[in-house]
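Please take a moment to look over the sequence and the 3D structure shown here. Then let us walk through it together, one piece at a time.

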Amino acid sequence: MHISNGIINGPVAAIFAALALAALAFCVLRGRADLDDRLAPMAGLVAAFIFAVQMLNFPIFTAGVSGHLLGGALAALLVGPWVGALCVAVVLIVQALVFGDGGVAMLGLNITNMALLGTAAAYLLIALLLRVLPRTPAGLAVTAFVSALVSVVVASQGFVLQYWLGGTTDLGGNLTGLAGTMAFAHLLIGIGEGLITATTVVTVAKVRPDLVYALRALKPATPAPAVPVAGGAR
Amino acid sequence: MSKRHWPFLLGGLLVALLLAGVVSNYASSHPDGLDSSLLKGCTVNADDEITGGSCPAQQAKDHELADSPLADYGVRGIGNDFLSTGLSGVLGVLLTFALGGGLFWLARRRGPATPAGPAGPDTTTASADPADDAATPSTGTR
């Protein structure tokens, strides 16, 4: 889901670059509370794993269209929302600067969609679902699947917003057409994202449950102050 | 304490290297959801190249670093596609792990470990009380 150069105009790309930079700085500030000697190498592994799986484009049911993991939900589950967003951002930076994937000028837009929006949407759902679902492998799998699926659709609509602000082709008012096409394609991609995320997280939880951030941080009955959703649900 | 994590890290890294180094060759080469959405209005041939019509994707410009030695997930100079893709994947995994792991290591919180999460101190106090209550009577009965 990487935006290529020329798709969004320069000024809008620059605004999102500044926005993404500020958000990433905030993630570093908040993420440091989570980042200890144990989480730091784990976060490096999560970034490397997401890079690897992003190379694996899988076909979706629509002919001639593929999709790949974005990784926001996976990162949020394994290393938390702040460090997780930074993991996805590291992947996108390496891809843009070394592999020619996603324009360098478009980096702020891509980070906003996949690293920030995707991870934020995923973690809000993770925080909610892990509290209401049973603490079983099935409960964790459903949490991972649903949060991953929704995060991909949210990220795709981030692009639609950006295209509305600075798309280089006049769609003749047919932005809803683009929104619909993007949402449908990414609903299907989200199923793949959900399956990969659930499989990976359930496997890690089976081998080393202590390495799954969401299981450590989100105790069933304890309301976490960082998540407003829990307060609202009460 | 952190020593126990190395087997997991090495195992995870091995899986990532295998996925990027080998499995990546079986990935679909069709445009992804975003690219295909931008192709709406255009006709494409079997190689997914635009053959006619009008669509947003036609505005796409070349990547700034299209000449990078690893551009488009291949190693320049290696003719064998399988090897080229696989090697670029392996290099990417190692680079991402080194860069990400390095930056996270530099940014990590130093000093004595505290329980995870900003609610750390509160939770400890709350859970310490019942533990004390439970411990006191048991020592008393002895």
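The buried residues of α3(B) are covered by, among others, α2 (39–54) and α4 (81–98) of chain A, along with α1 of chain B. Keep in mind as you read that this is a predicted model.

Which residues of α3(B) are buried? They are B:Thr85, B:Gly86, B:Ser88, B:Gly89, B:Gly92, B:Val93, B:Thr96, B:Phe97, B:Gly100, B:Gly101 and B:Phe104. A general point about helices helps when you look at such a list. An α-helix has 3.6 residues a turn, so residues three or four places apart point the same way.

Now turn to α1(B). Its buried residues are B:Gly12, B:Leu13, B:Ala16, B:Leu17, B:Leu19, B:Ala20 and B:Gly21. These pack against α2 of chain A together with α3 of chain B.

Here are the two helices of chain B side by side, with their lengths.

| Helix | Residues | Expected span | Span between end C-alpha atoms |
|---|---|---|---|
| α1(B) | 16 residues | 22 Å | 22 Å |
| α3(B) | 27 residues | 39 Å | 38 Å |

Why should α3(B) span 39 Å? The expected value follows because each of its 27 residues is taken at 1.5 Å, with one residue fewer counted than the helix holds. The end C-alpha atoms of α3(B) lie 38 Å apart, which agrees. For α1(B), the 22 Å from first C-alpha to last is likewise close to what is expected at 1.5 Å a residue.

Let us step back to chain B as a whole. This chain has four helices and two strands, and along the sequence they follow the pattern α-α-β-β-α-α. Of its 142 residues, 23% are buried. Among contacts in chain B with a separation of 6 or more, 28% join residues 24 or more positions apart.

How do the chains meet? The contact takes 65 residues from chain A and 56 residues from chain B. On the chain B side, α1 (6–21), α2 (33–38) and α3 (81–107) each supply at least two residues. The largest share there, twelve residues, comes from α3(B). Sorted by class, that side of chain B has 29 nonpolar, 19 polar and eight charged residues.

Finally, look for the largest nonpolar core, which has 111 residues. Those with the most contacts inside it are A:Val46, A:Ile50, A:Leu77 and A:Cys87. What does A:Cys87 touch, leaving out residues up to four places away in sequence? Its partners are A:Ala43, A:Val46, A:Ala47, A:Ile50, A:Ala75, A:Val79 and B:Gly100. You have already met B:Gly100, one of the buried residues of α3(B).

Terms used
Residues numbered from 1 in each chain as written. Chains lettered and ligands numbered in written order. Predicted model: local features only at pLDDT ≥ 70, side-chain atom pairs only at ≥ 80, totals over all residues. Contact = placed C-beta atoms within 7 Å. Nonpolar A, V, L, I, M, F, W, Y, C, P; charged D, E, K, R; others polar. Core = buried A, V, L, I, M, F, W, Y, C linked by C-beta atoms within 7 Å. Buried ≥ 20, exposed ≤ 12 C-beta atoms within 10 Å, placed from the backbone.
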